[in-house]
Amino acid sequence: MRKPQRGYARQDRVKEQIMRELAELVRKGLKDPRAGFITINDVEVTRDYSHATVYYTVLDDATREITEDALEHAKGYLRSELGKRIKLFRIPELHFKYDESLERGMSISHLIDQVAAEKPVED
C-alpha cells in the first residue's frame, strides 16, 4: 500500500525544474536555425529519473518536422546543459514528442461553435 503524499512530491519538483531549464535552453542556448519558436508544454519524468518525455509545440505548423529533427539533433547538448544546471544523480534521457492536445482542443471548440450556430434559438 502506498503512503499518502504530503505536499509537493520530489518528482514534481524535478519535472518543473527540467521544464523551466529546457525552456530557457531552447530559447537562448539552441543555435540551430531549424529550431523555430518552440514552446515546452509539459515534461513527464520516470520514477527513477532515467527518462523524461518533453512535450512541445511550435508556432508554425509547417516547421513541425524540421523542429523535431533539430531537437533530436540537439538532444545530447540539451542533456549535458541540464546536467550543469540541475544537480541530480542521473540526468534523464530526453525524448521529444509533439503535443497535439492544443490542436485537438481548438478543433473540438470549433465543432462546438458550429453546432451552437446551427441550433435554432427557442423561446
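**Exercise 1.** Determine which partner E72 meets in a salt bridge, and decide how accessible each of the two residues is.

*Solution.* The side chains of E72 and K75 form a salt bridge with an N to O distance of 2.9 Å, where the term requires a side-chain nitrogen of Lys or Arg within 4 Å of a carboxyl oxygen of Asp or Glu. Next, accessibility is classified with a 1.4 Å probe on protein chains only, buried meaning under 20% relative accessible area, exposed over 50%, and partly exposed in between. At 36%, E72 is partly exposed, whereas K75, at 17%, is buried.

The model is predicted, so that local features need pLDDT of at least 70 and side-chain atom pairs count only at pLDDT 80 or more, while totals for chains, interfaces and linings use all residues. Residues are numbered from 1 along each chain as its sequence is written, and side-chain values use heavy atoms, with hydrogens and water left out.

**Exercise 2.** Locate the salt bridge between E100 and R64 along the chain.

*Solution.* The N to O distance between these side chains is 2.8 Å. The pair joins distant parts of the chain, 36 residues apart, with E100 in the loop between β3 (93-98) and α4 (101-118) and R64 in helix α2 (residues 64-73); helices (H or I, at least four residues) and strands (E, at least two) are DSSP runs numbered from the N terminus. Finally, E100 is partly exposed at 37%, and R64 is partly exposed at 24%.

**Exercise 3.** State how many salt bridges the whole structure holds, and name the residues linked in a network.

*Solution.* The search finds eight salt bridges, and the network links E24, R27 and K28.
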